[in-house]
Amino acid sequence: MKVELRVNGQLREVDCSPWKRLLDALREDLRLTGTKEGCGEGECGACTVMLDGEVVNSCLVAVGQCAGRDVTTVEGLAHGDLLHAVQRELVACGGAQCGICTPGIAVCAAHVVDRGLATSRDKVRELLAGNICRCTGYQLIVDAVINAAKAK
Amino acid sequence: MTEYIRPRDLDEALDARAAHPDYMVLAGGTDLMVNANHKHAPAGIIDLWRLPGLGGIARDEAGLAIGAGATWLEVARDAAVTERWRPLAEAAREIGALQIQARATLGGNVGTSSPVGDSLPVLLAFDAELELASVRGRRRVPYREFCTGYRKTLLQPDELIACARLPSPDPQWTTRTTWRKVGTRRAQSISKVMGAAVIELDRDRVVRSARIALGAVADRPIRIAAAEQAVRGLPLADAAEAARAATRTAIAPIDDVRSTSAYRREVAGNVVAYFFSGIIS
């Protein structure tokens, strides 16, 4: 099945089973390998992308469902060389270690910051609860999101 | 190759369902898509995600009607739900995390009918009614009759869940509603025990009636009739202990990877007691 969808602002087409996971269509068909697979069960958030402006686990979305819809991956957060505020702050604060969770964290945090939802540390922790990081202990990630929200 | 159908409205969806009862009915995919790459592909998909006419939350005199396609994020953010059907908003906020709440729907939770479906005890406690639709017409089923066994429901192969209706509390009584979930962590965890209650008090703070429902303690979400009977007519101050004792003997939970029977029995008693002891005004 041919599926036309908008990815990071560009119209793209994939030709595959509609049952294929959006995650796999992004990585294999569109070669956008920034989005990582963690658990494949919707628990860890590593594969987080935005679908029509909401954050979703791309491992739980069938690509057929994305026809005519809008997807933003970690590759779509920066404008050219200009990083999104959360990407800049994740670098500045050291909010990344092994890096597997980082693309999902960056996408979720960008959504949270752009929507003006990052109003307190507790709120950030609640909104990022679907993104598991086994390295950092979260403190530096929360620092980065709070700083990015202040910079907005 | 899996066939893919995206109906334009409910009528088209019902036609597709009648023509292809073997196709997977898919909305947010948060349950059906788990490990999808290791699963056998379905013969076809009927995609109900954002189907016009299937979403939305509407309030009228009789109560609240929540479209099967409404997501938990929409339920959690709805002013009417937060104001008068608060346990449903609280449950919605504890179903997975943001990524799950943005996709998971009421219809999915009801249709999957897992014994650990977080919204299901809330529907029981409010004595909700489901509206089921097919090309043969519509019918209403009390939610308490809908689950007939482990992941078994009254939904027929040509039917779709249209909406759930939650009646308004009777203004004649003081109604207290409550929700509690116990899991390994607040977000993302599958419940060990969870439940909801709708409690009517008279002017003297005597329990007039209570509907108490729990999940994860049986093969389906259940009302705890013994506890409901035990508290009827009791002063609120005595209700918590009576409800705890009745609950502990009424349920027979199982041991599994998430918890043990003994733990679930203990915690279920505590949760039900809290439904009453947590009422402070």
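The following exercises, each with a worked solution, concern a predicted model with chains A and B.

**Exercise 1. Overall form of chain A**

Determine how many helices and strands chain A has, and whether its radius of gyration agrees with that of a compact globule.

Solution.
1. The secondary structure of chain A consists of five helices and five strands.
2. In sequence order, these elements give the pattern β-β-α-β-β-β-α-α-α-α.
3. A compact globule of 152 residues would have a radius of gyration near 15 Å; chain A has 15 Å, and therefore agrees with that expectation.
4. Along the principal axes, the C-alpha atoms of chain A occupy a box of roughly 45 × 30 × 25 Å.
5. Buried residues make up 52% of the 152 residues of chain A.
6. If one takes the contacts in chain A between residues at least 6 apart in sequence, 61% of them join residues at least 24 apart.

**Exercise 2. The sheet of chain A**

State the order of the five strands in the open sheet of chain A, and identify which strands lie at the edges.

Solution.
1. The order is β2-β1-β5-β3-β4, and the pairing is mixed.
2. Strands β2 (10-15) and β4 of chain A are the edge strands, since each pairs on one side only.
3. From one strand to the next, the twist averages 40°.
4. Helix α3 (residues 102-114) of chain A packs on this sheet, where it touches β3 (48-51) and β4 of chain A. The direction of the helix makes about 40° with that of β3(A).

**Exercise 3. Strand β1 of chain A and its two neighbours**

For strand β1 (residues 2-7) of chain A, establish in which sense it pairs with β5(A), in which sense it pairs with β2(A), and which side chains are buried.

Solution.
1. With strand β5 (residues 70-72) of chain A, β1(A) pairs in the parallel sense over two bridges. In this pairing Val7(A) stands opposite Val71(A), and Arg6(A) stands opposite Asp70(A).
2. With β2(A), β1(A) runs antiparallel, and six bridges join the two strands. Glu4(A) has Glu13(A) as its bridge partner in β2(A).
3. β1(A) and β2(A) form a hairpin with two residues between them. In the turn, Asn8(A) has a positive phi of about 50°.
4. The side chains of β1(A) alternate. Val3(A), Leu5(A) and Val7(A) point to one face and are buried, whereas Lys2(A), Glu4(A) and Arg6(A) point to the other and are not.

**Exercise 4. The interface**

Find how many residues of chain A are in contact with chain B, and which element of chain A contributes the largest share.

Solution.
1. The contact involves 25 residues of chain A and 25 residues of chain B.
2. Strand β4 (residues 54-57) of chain A supplies the largest share of the side of chain A that touches chain B, namely four residues.
3. By residue class, this side of chain A comprises 11 nonpolar, nine polar and five charged residues.

**Exercise 5. The five-stranded sheet of chain B**

Describe the order and pairing of the open sheet of five strands in chain B, and name the helix that lies across β6 and β10.

Solution.
1. The strand order is β4-β5-β10-β6-β7, with antiparallel pairing.
2. At the edges are β4 (57-59) and β7 (137-142) of chain B, each of which pairs on one side only.
3. The twist averages 20° from one strand to the next.
4. Strands β5 (residues 63-67) and β10 (residues 160-167) of chain B run antiparallel and are joined by five bridges. Ile66(B) has Ala164(B) as its bridge partner in β10(B).
5. Helix α1 (residues 10-19) of chain B lies across β6 (129-134) and β10, and runs at about 70° to β6(B).

**Exercise 6. Two helices of chain B**

Identify the buried residues of α11(B) and of α4(B), and state what packs against them.

Solution.
1. Helix α11 (residues 261-277) of chain B has 17 residues. From its first C-alpha to its last it reaches 24 Å, close to the 24 Å expected at 1.5 Å a residue.
2. The buried residues of α11(B) are Arg264(B), Val267(B), Ala268(B), Gly269(B), Val271(B), Val272(B), Ala273(B), Phe275(B) and Phe276(B).
3. Their cover includes β11 (174-182), β12 (193-201), β13 (207-215), α9 (225-231) and α10 (236-250) of chain B.
4. Helix α4 (residues 86-93) of chain B is mostly covered, with seven of its eight residues buried. These are Pro87(B), Leu88(B), Ala89(B), Glu90(B), Ala91(B), Ala92(B) and Arg93(B).
5. The buried residues of α4(B) pack against α2 (72-77), α3 (79-84), α5 (98-101), α7 (120-125), β11 and β12 of chain B.

Terms used:
Residues are numbered from 1 along each chain as its sequence is written. Chains are lettered from A and ligands numbered from 1 in the order in which they are written. This is a predicted model: local features need pLDDT of at least 70, side-chain atom pairs count only at pLDDT 80 or more; totals for chains, interfaces and linings use all residues. Two residues are in contact if their C-beta atoms, placed from the backbone, lie within 7 Å. Ala, Val, Leu, Ile, Met, Phe, Trp, Tyr, Cys and Pro count as nonpolar, Asp, Glu, Lys and Arg as charged, and the others, Gly among them, as polar. Two strands pair if DSSP finds at least two bridges between them. Axes are lines fitted to C-alpha atoms, for helices over the stretch in contact, and angles run from 0 to 180 degrees between N-to-C directions. The expected span of a helix is 1.5 Å times one less than its number of residues. A residue is buried if 20 or more other C-beta atoms lie within 10 Å of its own, exposed if 12 or fewer, and partly exposed in between; C-beta atoms are placed from the backbone. The radius of gyration is taken over C-alpha atoms; the globule rule is 2.2 Å times the number of residues to the power 0.38.
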